[in-house]
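The following exercises concern a single protein chain. Each task is followed by a solution in steps.

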Amino acid sequence: MMNKLPLLVAGLLLSVGALAGSADQISVHDPYVRLAPPNAPATGAFMVIRNGGSQDVKLVKADNPLSRVTELHNHINEGGVMKMRPVPSVDIKAGGEAVLKPGSLHVMLIDLKAPMKEGDMVPITLTFDDGSSKQVEAKVVRPVPVEQEQKH
């Protein structure tokens with residue numbers, strides 16, 4: 001009787017490869033979380049997400065263990081007033097990038113479970129439209145004036 005172990009291993013490797021999917025083509029640069037003021041219920045996470053693949057990818061979810069709710073957000077101009085609004089996804093074009101920065105697209109950490117300290121690392125799991133995911137470590141940094149932060 002033939003040993004079926006090599007077939008089983010090959011099948012498992014194919015399954016793991018399928019789970020990796022878009023995440024394999026994605027690289028994340030300069031992830032950070034803005035240090036929230038004492039007793040603040042929420043803060044934002046920012047990063048540059050690059051797609052090295054030949055297919056467009058959508059970031060559809062973000063999660064982290066330090067807040068009860070994590071949402072993808074954007075700032076929109078509503079009647080001359082800038083407001084934050086949840087968005088269903090963030091597009092990352094093939095060969096392109098999505099820049100998550102203050103005053104624009106970002107990851108919102110809502111209902112923080114405990115205060116963060118400058119220098120803490122926040123694990124953020126990014127999930128893409130094909131079900132694949134990538135975890136990044138975002139450093140908690142003290143806020144700087146917006147004009148300096150834009151260059152971050």
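**Exercise 1. The R50 pair**

Does R50 count as buried, partly exposed or exposed, and what is its relative accessibility? Then identify a salt-bridge partner of R50 and place both residues in the fold.

Solution. The model is predicted: local features need pLDDT of at least 70, side-chain atom pairs count only at pLDDT 80 or more, and totals for chains, interfaces and linings use all residues. Residues are numbered from 1 along each chain as its sequence is written, and side-chain values use heavy atoms, with hydrogens and water left out.

Step 1. Buried means under 20% relative accessible area, exposed over 50%, and partly exposed in between (1.4 Å probe, protein chains only). R50 has 35% relative accessibility and therefore counts as partly exposed.

Step 2. A salt bridge requires a side-chain nitrogen of Lys or Arg within 4 Å of a carboxyl oxygen of Asp or Glu. R50 meets E97 in such a bridge, with 2.8 Å from N to O.

Step 3. R50 belongs to strand β2 and E97 to strand β7 (residues 97-100), so the bridge ties together parts that are 47 residues apart in sequence. E97, at 41% relative accessibility, is also partly exposed. Strands (E, at least two residues) and helices (H or I, at least four) are DSSP runs numbered from the N terminus.

**Exercise 2. Further salt bridges**

State how many salt bridges the rule yields, and describe the bridges of K83 with E78 and of E118 with R142.

Solution. Step 1. The count comes to 8 salt bridges.

Step 2. In the bridge between K83 and E78, the closest N and O atoms are 3.1 Å apart. K83 is partly exposed at 30% relative accessibility, and E78 is partly exposed at 34%. A network of salt bridges links E78, K83 and R85.

Step 3. Between E118 and R142, the closest N and O atoms are 3.0 Å apart. E118 lies in the loop between β8 and β9 (121-128), and R142 in the loop between β10 (133-141) and α2 (146-149), so this pair ties together parts 24 residues apart in sequence. E118 is partly exposed at 47% relative accessibility, and R142 at 49%.

**Exercise 3. The aromatic pair**

Determine how many aromatic pairs the structure holds and give the geometry.

Solution. Step 1. Rings of Phe, Tyr and Trp (its six-membered ring) pair if their centres lie within 6.5 Å; planes under 30 degrees apart count as stacked, over 60 as edge-to-face and the rest as tilted. The structure holds 1 aromatic pair.

Step 2. The pair is formed by Y32 and F46, with 5.2 Å centre to centre and 40° between the planes, and is tilted. Y32 lies in strand β1 (residues 26-34) and F46 in strand β2, 14 residues apart. Both Y32 and F46 are buried.

**Exercise 4. The largest pocket**

Give the volume of the largest pocket and characterise its lining.

Solution. Step 1. On a 1 Å grid over the protein atoms alone, a pocket is an open set of points where a 1.4 Å probe fits, with protein on both sides within 12 Å along at least five of seven lines; lining residues have an atom within 4 Å of a point. The largest pocket holds about 170 Å³ of space. Among its 11 lining residues, R34, F46, H75, P102 and G103 are the closest to the centre.

Step 2. Strand β2 (42-51) and strand β8 (106-112) each supply at least two lining residues; the largest share, 3 residues, comes from β2.

Definitions and conventions. Points joined across faces, edges and corners; volume = space filled by probe spheres on them. Nonpolar A, V, L, I, M, F, W, Y, C, P; charged D, E, K, R; others polar.
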